[in-house]
Amino acid sequence: MDKFTNSAWFMRIVAFALAALLFISINFEMESDKKSLGLSTAPEISTETIENVPVEVYYDRENLVVSGVPETVDVTLKGAKSLLINAKNQRDFKVYVDLSDPAISMGDRTVTFKISELNEKLVATIDPEYAEVNVQERVTKEFSVEAEYNSSLLEEGYTAGQPTVSPKTVKITGAKDAIEQISYVKANLEISKGLNETVNSKATVKALDRDLNKLDVTIEPSSVAVSLKVSIPSKTVSIAPKQIGKAKDGIRITSISVDPKEVTLFGSETSLEKIDEINLPVNISKIDGDTELELDLNKPDSVQKMSLGKAQVKIRTEKVDVDEENAEPVVEEEEPETEQKQEEQIVEEKPEPEEEDEAAAIESKTFNDIQIVPVGIRDDQDAELESDVTSITLLGEADDLKKITKDDINLTVDVSNLDEGTHDVDLAVKVPEGVEWELDSKTVSVTITQKDEET
């Protein structure tokens with residue numbers, strides 16, 4: 001046995017066996033390490049679809065317009081799973097269409113999508129594979145903008161003027177054939193139902209063809225400022241006090257006056273045409289003497305609003321004897337006239353020479369510092385009069401003039417339909433019947449300003 005173990009062959013066999021075991025052990029460990037690191041010599045092949053990948057288009061943007069290229073495509077990648085995961089997460093590749101050749105011709109053409117910056121070990125398939133595009137000369141042209149709105153959204157009775165636009169023109173850039181198709185350039189003002197005040201807002205500009213289809217063009221500026229003036233027709237009518245009820249015993253109503261004497265109504269023109277005055281019922285059944293009341297004005301159903309909601313009423317009375325108040329006039333019976341009396345009467349009634357009636361002398365009376373009242377001021381405006389008082393001269397018979405006071409004179413100026421700015425407006429004069437009037441100036445300067453919007 002010792003002889004065999006000490007032989008050279010025995011040593012060779014043992015050495016070979018150890019070498020084989022060492023080789024097998026090392027290879028097993030390397031395979032394990034590769035698998036743990038994903039370095040297997042036979043990697044797992046997989047596919048992954050990445051949706052909505054943006055498409056870039058390369059072309060001469062200063063002189064050309066390209067249409068028809070989709071904004072995104074879907075890309076399917078095939079390759080090692082580890083590479084796919086990295087590509088999907090990073091999205092560090094690009095899909096593009098190359099139309100940068102200076103010699104490219106105008107018109108329709110078919111182009112294929114290309115991909116760049118993708119790992120060379122991955123295979124890509126693009127869906128769709130190609131696109132039908134149109135190449136046109138780039139053109140810029142200036143157009144006027146027309147504002148529009150839905151008039152049916154205005155509150156009943158209100159009207160709107162022609163909307164104004166700022167700026168009035170825009171520059172539109174696009175393909176030559178698209179620019180030639182432009183028939184309308186509209187800025188649609190969005191308003192809400194029941195609109196009853198002036199609107200100042202922004203509106204997006206759109207270019208439309210003759211069939212009102214929106215065109216694919218670039219508009220500068222893309223929005224404009226639109227102002228829509230909304231107002232309501234108005235009419236100034238008198239306030240007519242009407243007695244209701246019966247006065248108490250011993251009280252006689254001598255006069256009823258109202259201040260102010262007029263009110264401005266707002267509503268549709270057809271509704272206002274039917275109204276000439278506003279009746280103000282005054283109940284006299286509880287009046288004991290001279291009284292001043294503040295009474296509500298009843299708004300007609302057809303009217304949207306009134307400039308006043310209340311009016312001051314002055315009631316003047318006098319005390320009378322109850323018997324006198326209820327006494328009926330006594331009519332004395334006439335005795336039959338005898339022939340003698342008739343003859344005497346005829347003698348007494350001899351016509352006398354007619355004298356020419358002297359014309360009643362016309363006199364004048366001047367009232368100073370008569371207040372001028374603006375009516376019809378809109379909620380969103382302020383009205384300032386250059387002078388809110390003036391003098392007026394009344395012409396008439398002396399007896400008539402003596403009875404007139406300042407309270408009987410009413411001067412108003414209607415500002416309901418005035419735009420912002422300064423205007424000369426006619427004065428409306430109301431004086432008692434039977435007298436004429438003269439003014440130094442029949443107009444007054446009124447400045448209309450827009451109220452500041454509340455923040």
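Me: Which side chain meets K235 in a salt bridge?
Reply: The closest approach here, N to O, is 3.6 Å, and a salt bridge needs a side-chain nitrogen of Lys or Arg within 4 Å of a carboxyl oxygen of Asp or Glu. The pair links distant parts of the chain, with K235 in strand 18 and its partner in the loop between helix 5 (269-273) and strand 21, 41 residues apart. (Helices, H or I of at least four residues, and strands, E of at least two, are DSSP runs numbered from the N terminus.) So the partner of K235 is D276.

Me: What kind of model is this?
Reply: Residues are numbered from 1 along each chain as its sequence is written, and side-chain values use heavy atoms, leaving out hydrogens and water. Local features need pLDDT (the predictor's confidence in each residue, from 0 to 100) of at least 70 and side-chain atom pairs count only at 80 or more, while totals for chains, interfaces and linings use all residues; the model is predicted.

Me: Is D276 buried or exposed?
Reply: Buried means under 20% relative accessible area, exposed over 50% and partly exposed in between (1.4 Å probe, protein chains only). K235 comes to 25%, so K235 is partly exposed. D276 has 60%, so D276 counts as exposed.

Me: How many residues apart in sequence are the parts that K186 and E148 tie together?
Reply: Their side chains meet in a salt bridge at 3.8 Å, N to O. K186 lies in strand 13 (residues 184-188) and E148 in strand 9 (residues 146-148), so the parts they tie together are 38 residues apart.

Me: Which residue is linked with E148 and K186 in a network of salt bridges?
Reply: K186 is buried at 13% relative accessibility, whereas E148 is partly exposed at 32%. The residue linked with them in the network is E146.

Me: How many bridges join strand 18 to strand 21?
Reply: Two strands pair if DSSP finds at least two bridges between them. Strand 18 (residues 234-244) is joined to strand 20 (residues 262-266) by five bridges, running antiparallel. With strand 21 (residues 277-283), strand 18 runs parallel, and the number of bridges is seven.

Me: Which strands stand at the edges of the open sheet?
Reply: Three strands form this sheet in the order 19-24-22, with antiparallel pairing. Each edge strand has a single partner, so one side of each is left without a neighbour in the sheet; the edges are strand 19 and strand 22.
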